[in-house]
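Trainee: I have a model open and would like to learn how to read its overall features. Where should I begin?

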Amino acid sequence: VIVHLRHNRIDNSASVLNITYPLSNDGLDIQLKPGTFSLLRVLSESHVVLPTVSLDTNSRIRIAPGENDHWVFRAVPKVLVRGRVISANGKPMAKVYLTGDVRNLLEDGTPAPIEWGVWAHTGWGQTDSEGEYHVHLAPGSGRISYQGSGIPSTDHLLVTIDGLAEQRVPDIVVRDMPVIRGTVLGVDGSPARNAIVRVHSNSSVRYAAQPVVTGDDGRFEIRLDHLPGNPVTEEREYVHSVFAFLPDESVGGVTT
């Protein structure tokens with residue numbers, strides 16, 4: 001198996017990153033410097049190994065003698081899942097990425113602590129010229145998430161795996177992102193030239209598109225690559241703020 005055991009600082013020598021360990025009597029021993037860690041993941045070519053521990057920046061888990069120094073994992077066989085990504089006009093979408101996840105469960109089948117992550121990552125897939133892709137899941141509840149541009153028909157395609165046989169899932173249909181168009185007016189109501197306009201919502205949107213500058217008619221266009229998801233709920237966010245300002249006059253405005 002391959003082990004990722006990341007210290008809260010990735011450059012810390014206590015981290016174990018992408019190291020292969022042979023199993024002995026279905027177990028393994030790792031020697032490392034005691035400390036606090038943010039990621040624990042065991043990978044196998046043939047199995048999904050659960051649970052995984054993926055903590056946010058505010059959480060850490062301490063590993064030291066007598067503290068979280070013994071872990072029990074459950075390995076379940078991987079199941080091949082195939083699907084297709086197409087555009088709204090039915091054309092295959094090539095070279096777009098998807099991710100596979102399964103429910104993050106403890107060795108007894110109960111959910112892992114929520115701060116460890118509700119879902120456990122099982123791998124990436126990429127579409128070919130026909131829009132076809134494959135990912136690996138495991139028996140039980142899983143999902144496939146589209147990672148490309150545009151707006152997919154579902155943020156997370158939920159999949160239930162009943163056995164070990166290869167499974168086919170419905171197509172993911174992706175719509176183009178609409179162009180954000182508008183006009184900036186000055187204080188006197190006339191079109192504002194050289195106003196700076198940007199989408200201003202959560203941080204992922206702020207960095208998704210560069211600011212634009214209005215022309216003589218005060219008009220602007222902004223093209224986003226995708227709509228981001230809420231970092232807590234993972235739900236796609238459809239309402240965003242557009243902020244414009246005139247740097248020479250120190251005035252601005254906002255709309256949604």
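Mentor: We will go from the overall fold to the nonpolar cores. Keep in mind that this is a predicted model.

Trainee: How many helices and strands does the protein have?

Mentor: There are 22 strands and one helix.

Trainee: What is the radius of gyration of the protein?

Mentor: That value is best read against a reference. A compact globule of 256 residues would be near 18 Å, but this protein has 23 Å. The C-alpha trace spans about 80 × 45 × 30 Å along its principal axes.

Trainee: Among contacts between residues at least 6 apart in sequence, what share join residues at least 24 apart?

Mentor: The share is 58%.

Trainee: And how much of the protein is buried?

Mentor: Buried residues account for 37% of the 256. About 15,100 Å² is exposed, and carbon and sulfur atoms supply 50% of that area.

Trainee: Why look for nonpolar cores?

Mentor: Because nonpolar side chains tend to be buried together in soluble globular proteins. Here the largest nonpolar core has 23 residues, and Val 85, Tyr 133, Ile 144 and Ile 172 have the most contacts inside it. Elements giving two or more residues to this core include strand E8 (79-87), strand E11 (132-137), strand E12 (140-146) and strand E16 (172-175).

Trainee: Which residues is Tyr 133 in contact with, leaving aside neighbours within four places in sequence?

Mentor: Among them are Val 81, Val 85, Leu 98, Ile 144, Leu 157 and Ile 172. Another core, of 16 residues, lies apart from the largest one, and its members include Ile 151, Ala 195, Ala 209 and Leu 224.

Note on methods
Residues numbered from 1 in each chain as written. Predicted model: local features only at pLDDT ≥ 70, side-chain atom pairs only at ≥ 80, totals over all residues. Heavy atoms only, no water. Helix = DSSP H or I, 4+ residues; strand = E, 2+ residues; numbered from the N terminus. Rg over C-alpha atoms; globule rule 2.2 N^0.38 Å. Buried < 20%, exposed > 50% of the residue type's maximum accessible area, 1.4 Å probe, protein only. Contact = heavy atoms within 4.5 Å. Areas by Shrake-Rupley, 256 points an atom, 1.4 Å probe, with all protein chains shown as cover. Core = buried A, V, L, I, M, F, W, Y, C linked by side-chain atoms within 4.5 Å.
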